[in-house]
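Student: Pick one part of this model and walk me through it closely, please. I'd like the cut-off for each term as you go.

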Amino acid sequence: MRESGILLPITALPSKHGIGKMGKAAYDFIDFLSETGCRYWQILPLSPTSYGDSPYQSCSTFAGNPYLIDFDMLAEKGWLQPADYEGLRWETTENEIDYALLYQQVIPVLRIAYENFAAHKPSDFKKFCARQRDWLANYALFMALKDAHQGNPWYEWEPELVMHQEKAIAEAQRTCKKEIEFYSFVQYCFFAQWEKLKQYANKKGICMVGDIPIYAAYDSAEVWAQPELFQLDEAKKPVAVAGCPPDPFAVTGQLWGNPLWNWEAMEKNGFEWWLDRIGFTLNMYDVVRIDHFRGFEKYYAIPYGHETAEHGKWCKGPDYSLWKAAKARFGDMNVIAEDLGNITPAVVRLLKRTGFPGMKVMQFAFDSGASNPYLPHNFETSNCVCYTGTHDNHTLRGWVKSNSDETNAYAMAYLDIKKKKKLPKAVLKAAWRSTAKIAIAQMQDFLDSPPSARVNTPSTLGGNWVFRTVEADYTEKLKKNIREMNETYGRFFVPEKPVKKGRSKKKN
């Protein structure tokens, strides 16, 4: 079956409150997808954001982003009054997110909701906390302690808390009891709204495509509470950190700074933590994109303290062992492998062995002639997902503007068009026309958005993850255009039965 989808972070939905939320606009977008014949909504990670505003640098690998919680839905429960949030300033411009404003405003509003909730706690709150205890207890305490330390990272707290000493943790749990319950309440609200939204999508036949970032942030609940999972020294400082080696696009490489996984220790206990994470994510979404898939075959390790990525080295990852264990526990998994970057024959073998579809990105297709593997005529199998571009790429208009004359000339010849301004639409059609079983485009590419609408520019800080759409973007004309593309290229989806969950077996 040939299918299609749209890549749009929930944060980029229209909203009166500064950032896209899991309220009416999200339900409206699901209706939009259904009416256009698209089957997939790719939303990227839903993790809380911190320094740099990226969901790939989060304080938790399990928690949901409080910014996405819809205030109107909390008001429907009686936990908020419109006056608690409607009179506040939420944005500086309509089409960009102001994270500084959100940081100041969102948590105080959620505290009001918590006080009203705490007076009459629903019976399912305690059940939620018990069900999610494996990660929620550490996360809620971590956030309570961050508040108590003016938001400073855990490695700047008192030594006994830095080292997660049992006596200090017990005392913190006692003194921060109310704050721990507040942060548990925030996650209770997030997951209740998420589950309701996903159920609505599935009833419409829409699959939600989530994301597993490969790494955790150093300032995260996992690194603080479970240091044995990472390559840390006795003082809990990283031995080496993650990134990518130098290439023509980044001459000193990419220094991500995340601590690296202790794969050797994890393999000894059957990758238990990673399997729990995979299972959690498969249950949360219908399809999961595995970020930086090549890092499971080999990962790039940069000595801690280096200011660039120039002097790192490639180290052996878990390779197929992790995915063999995952298949044994979960059976067939609905997964997309992000197999971009420095792809070696060993990575290709790993991808084939897992059977996961990889990614073909049209923006990479036109700079090296007819043998380029991202050109549609070179797709070796339909078991792939063809993207116009990812969240780390330009909009198609921005891509055309940034290309060399030679790249644009080849793209025009390949796509049989005479005018450069027609390239964005031609690339869209080429992706939909391809043999890939799924074609996905950024919403900006359907909107013909300018370069300023780019979601993220890797290895830069500031100005990323701020893109937003507005209600006026979702026109009947746009809906008709997408629908016609899906019909023309055999990708129009008509739901026949409920969407299957993301995993086929229950955890043993």
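Tutor: Let's follow the strands, then look at what packs around them.

First the ground rules: this is a predicted model, where local features need pLDDT of at least 70, side-chain atom pairs count only at pLDDT 80 or more, and totals for chains, interfaces and linings use all residues. Numbering starts from 1 along each chain as its sequence is written, and side-chain values use heavy atoms, with hydrogens and water left out.

The sheet to start with is open and has 8 strands, in the order β9-β6-β3-β2-β1-β12-β11-β10, with parallel pairing (strands are DSSP E runs of at least two residues, helices H or I runs of at least four, numbered from the N terminus; strands pair if DSSP finds at least two bridges between them). At its edges sit β9 (335-337) and β10, each pairing on one side only. On average, neighbouring strands here are turned by 25 degrees against each other, direction ignored (axes are lines fitted to C-alpha atoms, for helices over the stretch in contact, and angles run from 0 to 180 degrees between N-to-C directions).

Now zoom in on the edge strand β10, residues 358-361. G358 and K360 point one way, M359 and V361 the other, yet all are buried (under 20% relative accessible area, with exposed over 50% and partly exposed in between; 1.4 Å probe, protein chains only). β10 runs parallel to β11 (residues 384-387), and 4 bridges join them; in one of these pairings, K360 has C386 as its bridge partner.

Two of the β10 residues turn up again just past β11. In the loop between β11 and α14 (396-402) sits T390, which is in contact with M359 and V361 as well as L7, L340 and Q442, leaving aside neighbours within four places in sequence (contact means heavy atoms within 4.5 Å). T390 has 6% relative accessibility, so it counts as buried.

Elsewhere in the sheet, β3 (residues 207-212) and β6 (residues 287-290) run parallel and share 4 bridges. There, G210 has V288 as its bridge partner in β6.

What lies over the sheet? Helix α1 (residues 24-36) lies across β1 (3-7) and β2 (40-42), at about 135 degrees to β2. α1 also packs against helix α18 (residues 476-488), at an angle of about 45 degrees and with the axes 8 Å apart. F32, E35 and T36 make that contact from α1, while L478, K479, I482, R483 and N486 make it from α18.

I212, the last residue of the β3 range 207-212, touches W274, whose other contacts beyond four places in sequence are I214, W261, W263, M266, F296 and L322.

For contrast, a separate 4-strand open sheet is antiparallel, in the order β5-β4-β7-β8. β5 (254-259) and β8 (313-316) each have a single partner strand, so one side of each is left without a neighbour in the sheet. Here the average turn between neighbouring strands is 50 degrees, direction ignored. β4 (residues 240-244) and β5 run antiparallel and are joined by 3 bridges, with C244 opposite Q254 in β5.

Finally, a residue away from the strands: F128 is in helix α4 (residues 124-131). At 4% relative accessibility, F128 counts as buried. Beyond four places in sequence, F128 is in contact with L136, S184, Q187, Y188 and F191. C-alpha to C-alpha, F128 and N393 are 38 Å apart in space, and 265 residues separate them in sequence.
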